[in-house]
Structures are given as structure tokens and as C-alpha cells.
Amino acid sequence: MDKASVLKESGRILDLILKKELNQEEKDRVVSDAVENYTGYVNPAILQVRKSVSTDYSFVEWEDEGAVFRDTHGVEFIDCLGGFGIYMLGHRNPHIVEIVKAQLDRYALHSQELVEPLRGYLSKLVALITPGDIQYSFITNGGAEAIEMALKLARLASGKTYFISTVNAFHGKSMGAVSATGKGVYREPYLPLIPGFQHVEYGDAEAMEKAIKNLIAVGETVAGVIIEPIQGEAGIILPPEGYLPAVREICDRYDVLLITDEIQTGMGRTGTLWAVEHSNVVPDILVMGKAFGGGVMPITGIAARPKLWDKMLENPWVLGSPTFGGNPLSCSAAIGAIHYTLEWDVPGMAAEKGNYIMDKLKELQKQYPMLKDIRGKGLLIGMEFETDEAGFALAKSMFDQRVLVAGTLNNSRVIRIEPPAVITMEQIDTVLTCMEKTLKELKGKF
Ligand SMILES: Cc1ncc(COP(=O)(O)O)c(C=O)c1O
């Protein structure tokens, strides 16, 4: 290591971070640094798939607020991707920032030994806002990590083995989470995965029952069913009416635990605080993430019914003991997010704005048949095209008009509209105008 060079480079970067305003030369330098560093030190392949990088001009994210973010040169985008669901309350919601700053000025991380008041407060609030008798929480840092905890808790509490998941489900990419995930592209490189996972078609309760029944018939045991109330990354797939209640009923009949992954659908995204509320289903374990930290801090977690906690009472560290899980800074953000979400009726905002967008998109669909389907709930909306190419062309043209929309993971055939709930009606109308212009441009080409 050349210590002098490292100090010089890190000092230069810190100056940029600490500056209120960059001059023209610094702005250009940040862009070229970013492209160079991704090429040399992150992964050059990322640059190939980003709409924001070209030889003429590369957009580098630098500041944000509300439903917009700006690049280093002040070019502003309306965010209809919402960080795949993070930004329910907008970017840097001032209420959440205020809370986190206050906590930061007191203490940021925890001693790991003393009892953590904020983790306690947050867990109590989670118990109050989750359905049924869900009571205990285990707080984590990332979505996949939370899924790991859900899977481990189900095995720990039930003493059983198998999980039934669904085809095309997305539950994250750590070893347990990717075992539950139902997309070949993410599973195949890591085979054999964790034993004991079977996948059935989403929306088919009969297939779910058969899988459980047959496993039991051949002497296996089934610990849990893991399911998204609406499949997000699969292309915003809504289950048929009555599906989730049927799955709940099957789980009860065979004494199998129901894990609902609300990492993307939770915190108001679909027009209710939790998407399971649309069908009055109470899961045994509910997984939270993304918007849980109010768009300011990374925080995820699971919450479970008390009967699942017995083994945890014997050894509180048996499930996990993540160093940063439940840290005070993240907990302060989540407490702020819960308060803001309820006080300002964020689920109501999502329902109202989502209906408005869906209605307008359905009108556009009548004029532009290249749009095969419009579906979703609240502000989790999918626009399905015939081909990947058509979806990508739409996303690219929207980006050129400074609106960010994106495909569902590695697939542009379904474009998602997932803006913050605080997006203004004026911004929504701008998005819809750009959408109409783009569809007109693309008409006949796909
Ligand atoms: C439903 C669902 N589960 C799990 C995850 C994984 O979360 P993370 O990317 O934070 O690991 C995601 C991320 O998109 C998700 O949408």
C-alpha cells in the first residue's frame, strides 16, 4: 500500500462529499471518476446495462428529494422506479431525515451488550401494525438476510424441513433466499442449493396442496410456504381472487407455517399497509424491507406469531445475532417511517394515485395495442409488452425525457411504475404525458 496516495485520494473524495456545491470541473470529474471506478473496481458489466451511461453523456446520481433525483449537473428525473420500492415516502423525506439526524447526534450504533431502547420501541410498533397476533420481531439489514431469518425460524419453530415456494418468485440472492427464489437464472449457477425447496406455480392453490400432501405422503416434513402477496420481480403478478386465503387454509390443514414476503409490497405500496390485508390473511411470519427504513436507512426484519418464538426463548441467539441488525440509527428511521405512513395515510395516497395512473394507462392501452396488459395494485404497477425490446425501448425513451421507469429484474417485457407515494399529481401528469408521447413514437415499430 502506498499510504500517501491513499490519503491523497481519500482526502480528495472527502472534499467532494463535504462541499455544498461542486464547480463545473469537479462535476465533470465525478462523472469520469464514477465510470472509471465502475470499470476498474466495481464491475464494467454494470455500465453495459445502464440506460444512464453513454459515450456522449453519463448521468451520475448526486442528489435527491421528494419524487425526484438529480445528476451531478443538475439534470432532474422523476423517479417512477422508487428504488424498487424503497422510496414510498420519497427521497430524503425531511421528517425521516430529522429523526435520523437527531439519533445520529446521540449515538449511531450500539454497544452490542446493553439493552437497546429503540429496537424495543420499533418491535412494539411492528407488533401494533402487523395483522393478527404477530408479536415478536427480529431486525436485520437486508432483504435476503431477513428471508434467511424467516426460513430459519420456520425450521426452528416447526422442527420440519421442506419449503414450498413459487415459480418466478423473488426472495433475494443469498443461499437460503435464492433457494426459495423461483428464477432459474439466479439459481442455476449455485446448484445444488439448500435441500428441501420445491416450487409450484404461483396462483395455483391446488398445486400447493398437492406438493405438501405428496411430501408428507413420502415421509418428508414441510416447515413452511413462502410467498409474495403480489409477485414483484416476476412481472407484477397478482394472484387470482381467493388464492392467499386458500394457501392460508392449506397451511393450517397440514400444520405448515405461512411466510409472506412483504419486502416490496409492504409499508403501503399496494394501497394497504401490508398487501395481505387485501385478503385478510394473517401469516405466521411477515418479512419487511425496502420502504421500512423510510427511504433513508437500510433496515429489514421479520415479525412472527408468539408460538414461533419458543426456541428463541431457550437461546435468544440461535436464529442469528447480526452485528448491525436493529441498530439505533436504522430503528429511528423505521419508527419515523411507521409514524409518517400512518399519520399521512400513505397507503391511501398509494391507492388513490395508483388508481389514477392505472385508469390513464388503461385508456392509453386502448389506443396502443402494443401494450398487452396493465395490472397492479396501489403504486405497484406493471405494463406488459409483447417483447423485451418493446419494453426496453419505452424505458429508454422515458429516460431520455427524464422519467425513470424500469423492467422487472432482468426482463423489460414488463415495465414497472413504482413511484414514491408522495409524487405530486403534476409529476404524475408529466409522466403520463411522456408515456403517451413515447407510445406514439413507438407505434408500429413493435
Ligand atoms: C419480494 C422481495 N423479496 C426479497 C428481496 C431481496 O431484498 P434485498 O435486495 O434487500 O436482499 C426483494 C428485492 O427486490 C424483493 O422484492
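Colleague: Which helix gives the largest share of the shell around the ligand?

Modeller: Helix α7, spanning residues 143-158, does: three residues of the shell come from that helix. Keep in mind as we go that this is a predicted model.

Colleague: And which residues come nearest to the ligand?

Modeller: There are 15 residues around the ligand, and the nearest are Gly143, Ala144, Gly172, Ile263 and Gln264.

Colleague: How do the shell residues divide into nonpolar, polar and charged?

Modeller: Seven are polar, five nonpolar and three charged. Glycine is counted as polar in that tally.

Colleague: Let's turn to the sheet. What is the order of the strands in the open sheet of four?

Modeller: Start with the general idea: strands of a sheet pair through backbone hydrogen bonds, and the pairing can be parallel or antiparallel. Here the order reads β11-β12-β15-β14, and the pairing is antiparallel. At the edges sit β11 (371-377) and β14 (406-408), each pairing on one side only. From one strand to the next, the twist averages 40°.

Colleague: How many bridges join β11 to β12?

Modeller: Six, with β12 covering residues 380-385 and the two strands running antiparallel. For a pair to locate on screen, take Asp373, whose bridge partner in β12 is Glu384.

Colleague: Which strands does helix α14 touch as it packs on the sheet?

Modeller: Helix α14 (residues 346-367) touches β11, β12 and β15 (411-417), and its direction makes about 170° with that of β11.

Colleague: Then where does helix α15 lie?

Modeller: Helix α15, residues 388-400, lies across β12, β14 and β15, and runs at about 40° to β15.

Conventions. Residues are numbered from 1 along each chain as its sequence is written. This is a predicted model: local features need pLDDT of at least 70, side-chain atom pairs count only at pLDDT 80 or more; totals for chains, interfaces and linings use all residues. A residue is near a molecule or strand if its C-beta atom, placed from the backbone, lies within 6 Å of it. Two strands pair if DSSP finds at least two bridges between them. Axes are lines fitted to C-alpha atoms, for helices over the stretch in contact, and angles run from 0 to 180 degrees between N-to-C directions. Two residues are in contact if their C-beta atoms, placed from the backbone, lie within 7 Å.
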